[in-house]
Amino acid sequence: QVQLVESGGGLVQAGGSLRLSCVVSGSIVSMNNMGWYRQAPGKERELVARIQIFGSTNYADSVKGRFTISRDNAKNTVFLQMNKMKPEDTAVYYCNRPASLFYWGQGTQVTVSS
């Protein structure tokens, strides 16, 4: 069974940075398109960044130019570097495989203060 373990969240001031990690076990990240999602209170979960098998990336308009998704194949880990953060980035962040979802991990809370 695939397990997704997210970490790296926390409290940061607006304009600050965080780096999230997602360790994947039971599947190989280099053989899957992987993505980062977030869910803010009272809102639906949304896909904010995706990295494809051959390394191309795409982003939601709300994070384009500020967030960067990457992966370390040797560590079977997906990262999300978040810069110039805004209060509206406050959410629980999750990683998963967009094309065919795995069971969700516990996520990691990100809070951006103004």
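**Exercise 1.** What percentage of the 114 residues of the protein count as buried?

*Solution.* The model is a predicted one, and within it a residue is called buried when its relative accessible area is under 20%. By that criterion, 41% of the 114 residues count as buried. The accessible surface comes to about 6,100 Å², and carbon and sulfur atoms account for 50% of that area.

**Exercise 2.** Determine which secondary structure elements the protein contains, and how its overall dimensions relate to its length.

*Solution.* Begin with the inventory, which gives 0 helices and 10 strands, so that the order along the sequence reads β-β-β-β-β-β-β-β-β-β. The radius of gyration is 13 Å, close to the 13 Å that the globule rule gives for 114 residues, and the protein is therefore as compact as a globular protein of that length. Along the principal axes, the C-alpha atoms fill a box of roughly 40 × 25 × 25 Å.

**Exercise 3.** Identify the residues with the most contacts inside the largest nonpolar core, and trace which strands supply this core.

*Solution.* The largest nonpolar core has 29 residues, and those with the most contacts inside it are Trp36, Ile69, Leu80, Met82, Tyr93 and Val110. Next, assign the core to strands: E3 (18–25), E4 (34–39), E5 (46–51), E7 (67–72), E8 (77–82), E9 (91–96) and E10 (108–113) each supply at least two of its residues, with the largest share, 4 residues, coming from E3. Finally, take Val110 as an example: leaving aside neighbours within four places in sequence, its contacts include Leu18, Leu20, Met82 and Tyr93.

Methods
Residues numbered from 1 in each chain as written. Predicted model: local features only at pLDDT ≥ 70, side-chain atom pairs only at ≥ 80, totals over all residues. Heavy atoms only, no water. Rg over C-alpha atoms; globule rule 2.2 N^0.38 Å. Buried < 20%, exposed > 50% of the residue type's maximum accessible area, 1.4 Å probe, protein only. Areas by Shrake-Rupley, 256 points an atom, 1.4 Å probe, with all protein chains shown as cover. Core = buried A, V, L, I, M, F, W, Y, C linked by side-chain atoms within 4.5 Å. Contact = heavy atoms within 4.5 Å.
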